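Dear colleague,

Please find the structure below, handed over for your files. A short account of what was found in it follows.

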Amino acid sequence: MELKVKDDTFYVLVTGDEKRLYDSENAAVSALKTLVAEKESVNSDDVNIFEVNMAGEKWEIESIPWSKIAIGLIKGERK
């Protein structure tokens, strides 16, 4: 698998012990919606979306706030 990084930023969706990479926040939020719908039980403490910025010498990793994820889910943003 290959992922082309746009603007030095990519997103990591973590669900339990699975980690998936996406090139946009909207794609990660959409995938989260799909994964949660497919699983019988999901522990919200085990789910996160991280933004990874590779600009500069040190990479920066930030967690996307749940309030922002919720707004994306409500709006039904697409990949």
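F10 is buried, with a relative accessible area of 11%, a value that falls under the 20% limit for that class. The model is a predicted one, and the values in this message should be read accordingly. F10 belongs to strand β1, which covers residues 9–15.

The ring of F10 takes part in an aromatic pair, and a search of the whole structure finds one such pair. Its other member is W59: the ring centres are 6.2 Å apart and the planes stand at 80°, so the arrangement is edge-to-face. The angle required for that description is over 60 degrees. W59 lies in the loop between β3 (47–53) and β4 (60–63), and the two residues are 49 residues apart, so that the pair links distant parts of the chain.

Is W59 buried or exposed? W59 counts as exposed, at 52% relative accessibility, where the class begins over 50%. The pair therefore joins a buried residue, F10, to an exposed one, W59.

The strands around this pair are connected as follows. β1 and β3 pair in the antiparallel sense, over seven bridges. Within this pairing, L13 has I49 of β3 as its bridge partner. β3 in turn pairs with β4, again in the antiparallel sense, over four bridges. There, F50 is matched with S63 of β4.

β3 and β4 also form a hairpin, with six residues between them. In its turn, G56 has a positive phi of about 85°. W59 is likewise placed in the loop between these two strands.

Which residues other than glycine have a positive phi? Most residues other than glycine have a negative phi. Two residues in the segment before β1 may be noted in this respect. D7 has a positive phi of about 50° although it is not a glycine, and D7 is located in the segment before β1. D8, in that segment as well, has a phi near 65°, also a positive value in a residue other than glycine.

The accessibility of these two residues is also available. D7 is exposed, with a relative accessible area of 73%. D8 counts as partly exposed, at 39% relative accessibility, since its value lies between the 20% and 50% limits.

With kind regards

Methods: Residues numbered from 1 in each chain as written. Predicted model: local features only at pLDDT ≥ 70, side-chain atom pairs only at ≥ 80, totals over all residues. Heavy atoms only, no water. Phe/Tyr/Trp six-rings, centres within 6.5 Å; stacked < 30°, edge-to-face > 60°. Buried < 20%, exposed > 50% of the residue type's maximum accessible area, 1.4 Å probe, protein only. Pairing = 2+ DSSP bridges.
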